[in-house]
Amino acid sequence: MFSGTKFVVDAFRYGEIEGISSYFLTHFHSDHYGGLTRSSTFPIYCNRITGNLVKSKLRVAEQYVHILPMNTEVNVEGVRVILLDANHCPGAAMLLFFLPDGQTVLHTGDFRADPSMETYPELLGCRVQTLYLDTTYCSPEYTFPRQQEVINFTASTAFELVTLNPRTLLVCGSYSVGKEKVFLALAEVLGSKVGLSRDKYNTMCCLESQQIKERITTDWKAAQVHVLPMMQLSFKNLKSHLARFSAQYDRLVAFKPTGWTFSEQVQSVEDIEPQISGNISIYGIPYSEHSSFLELKRFVQWLKPLKIIPTVNVGSWSSRKAMERCFSDWLSETRAKL
Ligand SMILES: [Zn+2]
């Protein structure tokens, strides 16, 4: 809760909280909306895409979902708020609050920091005192390529493999929302549709993207790119998936867009090697929707907040201490440069 307000952000797991009047939701990932159900009857504030998902997937009643515009200052209970693109999953927003006591607070939700954020006029026009920061990868070992590089690698690998053997079925793993760019790039390079389950199809329709809508179908046979839940991407499952389409395909290549994994440290896309078993190949691709360590550092050094509150990996004392040390190093470095 921020001083002088009755606001909380991404705090639904406690049900209705005494003294809280407005519940903000940054984006539609379960570790953020967890606890929100069809019986939730308190005011929820989010943007349109997240609101569509909350209503359609969680069945929260329309009257409790308050849709806020992007990049536009709005007034929620006398407090000025602006939603900004977080470069995470579709609908993900950062929240900029101008509190009654004069403090400016930025809550990143989950985000992948990007130099383009340094040109957001809303951030250029204010001085952020307190930053609530997505610290998923706040340690120097977390390095991974830029998203576009990974997309290009995935599309060109797929194109090559399908050119060599046109009877190749492509599969892309996914969770709920996020990482759509990976399967869209596959579909685009092949000029194919994307086949997905009815449930996933309905989820994708919440995103209000014409580009996605034109590509997706629930008719698996009409698509050379299939989207399957990430946990189904094992050799055993993929083998039986391929068998269902043996009239069309005799080979399957799967792409697993994960974030950073200890076992598959890749500095560059050239390091990506598939795992192969018979006619099935699985590529783990380092497509991250969270900031790398250096992206976090650059963003913080640009924003220069007075105080940083980490929102991820805060469970252990040692990881909290390590992050505190990081923040103070970053900020003292920028002060030294002044
Ligand atoms: Zn997320």
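How many salt bridges are counted between domain 1 and domain 2? The count is two. The structure is a predicted model, and its chain is assigned to domain 1 (7–140 + 291–337) and domain 2 (147–286). This briefing treats the interface of the domains, the salt bridges, two helices and two buried residues.

**The two domains and their interface**

- Domain 1 is made of two stretches of the chain, 7–140 and 291–337, while domain 2 covers 147–286.
- The C-alpha centres of domain 1 and domain 2 are 30 Å apart.
- At the interface, 13 residues of domain 1 are in contact with 12 residues of domain 2.
- An area of about 1,100 Å² is buried between domain 1 and domain 2, and carbon and sulfur atoms give 52% of this area.
- Six residue pairs are found in polar contact across the interface of domain 1 and domain 2.
- On the side of domain 1 that touches domain 2, six residues are nonpolar, four are polar and three are charged.

**Salt bridges**

- Side chains of opposite charge can pair when their charged atoms come close.
- The structure holds 10 salt bridges, among them the three pairs described below.
- Lys57 and Asp199 form one of these salt bridges, with their closest N and O atoms 2.9 Å apart.
- This pair links distant parts of the chain, since Lys57 is in helix α2 and Asp199 is in helix α6, 142 residues apart.
- Is Lys57 buried or exposed? Lys57 falls between these two classes: its relative accessible area is 29%, so Lys57 counts as partly exposed.
- Asp250 and Arg167 form another salt bridge, in which the closest N and O atoms are 2.9 Å apart.
- This pair also links distant parts of the chain, 83 residues apart. Asp250 lies in the loop between α8 (235–244) and β14 (251–258), and Arg167 lies in the loop between α4 (147–164) and β10 (168–174).
- Asp250 is partly exposed because its relative accessibility is 37%, and Arg167 is partly exposed because its relative accessible area is 33%.
- Glu324 and Lys321 form a salt bridge with their closest N and O atoms 3.3 Å apart.
- Both Glu324 and Lys321 belong to helix α10 (residues 317–337), where they are three residues apart, or about one turn of the helix.
- Glu324 has a relative accessible area of 44% and is therefore partly exposed; Lys321, with a relative accessible area of 30%, is partly exposed.

**Helix α2**

- Helix α2 comprises residues 48–57, and its buried residues include Thr50, Gly51, Asn52, Leu53 and Val54.
- Which elements are included in the cover over the buried residues of α2? They include the strands β3 (44–46) and β4 (65–67) and the helix α6 (198–205).
- Helix α6 thus appears twice in this account: α6 helps to cover the buried residues of α2, and α6 holds Asp199, the partner of Lys57.
- After α2 comes Arg59, which has a positive phi near 60°.

**Helix α9**

- In helix α9 (residues 293–303), the residues Phe293, Glu295, Leu296, Phe299, Val300, Gln301 and Leu303 are buried.
- These buried residues pack against β8, α3, β9 (130–133), β17 (307–310) and α10.
- Lys304, just after α9, takes a positive phi of about 50°.

**Two buried residues**

- Where is Arg112 placed? Arg112 is in the loop between β8 (104–107) and α3 (121–124).
- Arg112 has a relative accessible area of 3%, and therefore counts as buried.
- Residues up to four places away in sequence aside, Arg112 touches Ala86, Asn87, Met117, Phe144, Pro145, Arg146, Gln147, Ser288, Glu289, His290, Ser291 and Glu295.
- Among these contacts of Arg112 is Glu295, one of the buried residues of helix α9.
- Ser281 is part of strand β16 (residues 280–286).
- Because its relative accessibility is 2%, Ser281 counts as buried.
- With neighbours within four places in sequence left aside, Ser281 is in contact with Arg251, Leu252, Val253, Ala254, Pro274, Gln275 and Ile276.

Technical notes: Residues numbered from 1 in each chain as written. Predicted model: local features only at pLDDT ≥ 70, side-chain atom pairs only at ≥ 80, totals over all residues. Heavy atoms only, no water. Domains from an automatic or database assignment. Contact = heavy atoms within 4.5 Å. Buried area = accessible area lost by both parts, 1.4 Å probe. Salt bridge = Lys/Arg side-chain N within 4 Å of Asp/Glu carboxyl O. Polar contact = N/O pair within 3.5 Å; in protein donor to acceptor, adjacent residues only side chain to side chain. Nonpolar A, V, L, I, M, F, W, Y, C, P; charged D, E, K, R; others polar. Buried < 20%, exposed > 50% of the residue type's maximum accessible area, 1.4 Å probe, protein only. Helix = DSSP H or I, 4+ residues; strand = E, 2+ residues; numbered from the N terminus.
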